[in-house]
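Student: I would like a close look at one part of this protein. Please take me through the central sheet and the spaces around it.

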Amino acid sequence: MTDTTTAKPLAGQTALVTGASRGIGAATAKALAAAGAHVILVARKVKALEEVEDAIHAAGGTSTIAPLDLTEPDSVTRLAGAIAGRWQSLDIMVLAAAYLPELTPASQMEPKQFNQALLTNVVATQALIAGFDPLLRHAKAGRIIGLTSSVGSAPRPYWGAYSATKAAFENLLATYAAEVERLSPLRVAIIDPGATRTEMRARAYPGEDAASVKPPEVVADRLVALLAEGFDGLHRERIEG
């Protein structure tokens, strides 16, 4: 007889994944659903979200799509209200959405792209924390996983716009983790997925052989394993190939 707890370690839990239409976000959404969670898929592109949802349902999982531009004013507030109207708590929130500006010298950053990176990588993150804090705290053991980059802590030439926003992203999540640690079972993990085969990486490294880096499913499987294992306090980890 199959042990359903082992086969579906996240059964009965509700998870929200941003950037769920492609790459690590899509792979993580599918892995969470395979582990038994009901997954709320958040991204801008409806068709791409529907493709992820179809894959989840075909594999026997469940999900709900929530097409949304996280940078639009009040969009996260509306999303949080809609989810609170349907679910009493949110067990898992995976912050996989990110925007990579063109790689340029710090003195030549394109203001519009830098602003978009700030909105997507930092401002939207704060809005998600604020909007879903009540639902996450209401969960038995709420968990937030934020996907970062090595440049967030180790700046690299020409990556200034992205690295600055990822540094702020990490700081924001670490601050929130410290604030809730003694008040709630809610915990936060900041995960560097390492070199992964995504469209974003292909733009940053156009000459790289895609087969030389791990697929997003490797990252997704590790995130689900981490959630199933549980972690206490602020958790940091880099996922190698």
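Tutor: What follows starts with the sheet, moves to the helices on it, and ends with the cavities, the pocket and a few single residues.

Keep in mind that this model is predicted.

The sheet first. It is open and has seven strands. Their order is 3-2-1-4-5-6-7, and the pairing is parallel. Strand 3 (62–67) and strand 7 (235–238) stand at the edges. Each has a single partner strand, so one side of each is left without a neighbour in the sheet. From one strand to the next, the twist averages 15°.

Now go to strand 4. In the order of the sheet, strand 4 sits between strand 1 and strand 5. Strand 4 covers residues 92–95, and strand 5 covers residues 143–147. These two pair in the parallel sense over four bridges. Within strand 5, Met-93 has Ile-144 as its bridge partner. Leu-95 stands opposite Gly-146 in strand 5. On the other flank, strand 1 and strand 4 also pair in the parallel sense, over four bridges. There, Val-17 stands opposite Val-94 in strand 4.

Which way do the residues of strand 4 point? Ile-92 and Val-94 point one way. Met-93 and Leu-95 point the other way. All of them are buried.

Next, the helices that pack here. Helix 5 (residues 111–138) packs on the sheet. It touches strand 1 (14–18), strand 4 and strand 5. The direction of helix 5 makes about 170° with that of strand 4. Helix 6 (residues 160–180) lies across strand 4, strand 5, strand 6 (187–192) and strand 7. Helix 6 runs at about 155° to strand 6.

One residue of helix 5 deserves a stop. Asp-133 is located in helix 5. Its relative accessible area is 17%, under the 20% limit, so Asp-133 counts as buried. Leaving out residues up to four places away in sequence, Asp-133 touches Leu-128 and Tyr-176.

Leu-128 leads on to the empty spaces, as one of the residues that line the largest cavity. Rolling a probe the size of a water molecule over the atoms shows where empty space is left. Two cavities of 30 Å³ or more turn up in the structure.

The largest cavity has a volume of about 50 Å³. Thr-18, Leu-70, Leu-95, Ala-97 and Phe-169 are among the residues that line it. So are Thr-120, Asn-121, Ala-124, Thr-125 and Leu-128. Helix 5 gives the most to this lining, with five residues. By class, the lining of the largest cavity has six nonpolar residues, four polar and no charged. Leu-95 of strand 4, the residue opposite Gly-146, is thus also a lining residue here.

The second largest cavity holds about 30 Å³ of space. Its lining is Ala-177, Glu-181, Leu-186, Arg-187, Val-188, Gly-233 and Leu-234. Four of these are nonpolar, one is polar and two are charged.

Then comes the open space. The largest pocket holds about 1,100 Å³. It is lined by 44 residues. Ala-96, Ala-98, Tyr-99, Tyr-162 and Met-200 lie nearest its centre. Five elements give two or more residues to this lining: helix 2 (23–34), strand 2 (38–43), helix 5, helix 6 and helix 7 (199–204). Helix 7 has the largest share, five residues. By class, the lining of the largest pocket has 19 nonpolar, 14 polar and 11 charged residues.

Finally, two loop residues to check on your screen. Asp-74 lies in the loop between strand 3 and helix 4 (75–84). Its phi is positive, about 70°, although Asp-74 is not a glycine. At 54% relative accessibility, Asp-74 counts as exposed. Tyr-158 lies in the loop between strand 5 and helix 6. Tyr-158 is not a glycine either, yet it has a positive phi of about 75°. With a relative accessible area of 52%, Tyr-158 is exposed.

To pull the sheet together: strand 4 pairs with strand 5 and with strand 1. Helix 5 touches those three strands and gives five residues to the lining of the largest cavity.

Key
Residues numbered from 1 in each chain as written. Predicted model: local features only at pLDDT ≥ 70, side-chain atom pairs only at ≥ 80, totals over all residues. Heavy atoms only, no water. Pairing = 2+ DSSP bridges. Axes fitted to C-alpha atoms, helices over the stretch in contact; angles between N-to-C directions. Contact = heavy atoms within 4.5 Å. 1 Å grid on protein atoms, 1.4 Å probe; cavity = no way out; pocket = protein on both sides within 12 Å on 5 of 7 lines; lining within 4 Å. Points joined across faces, edges and corners; volume = space filled by probe spheres on them. Nonpolar A, V, L, I, M, F, W, Y, C, P; charged D, E, K, R; others polar. Buried < 20%, exposed > 50% of the residue type's maximum accessible area, 1.4 Å probe, protein only.
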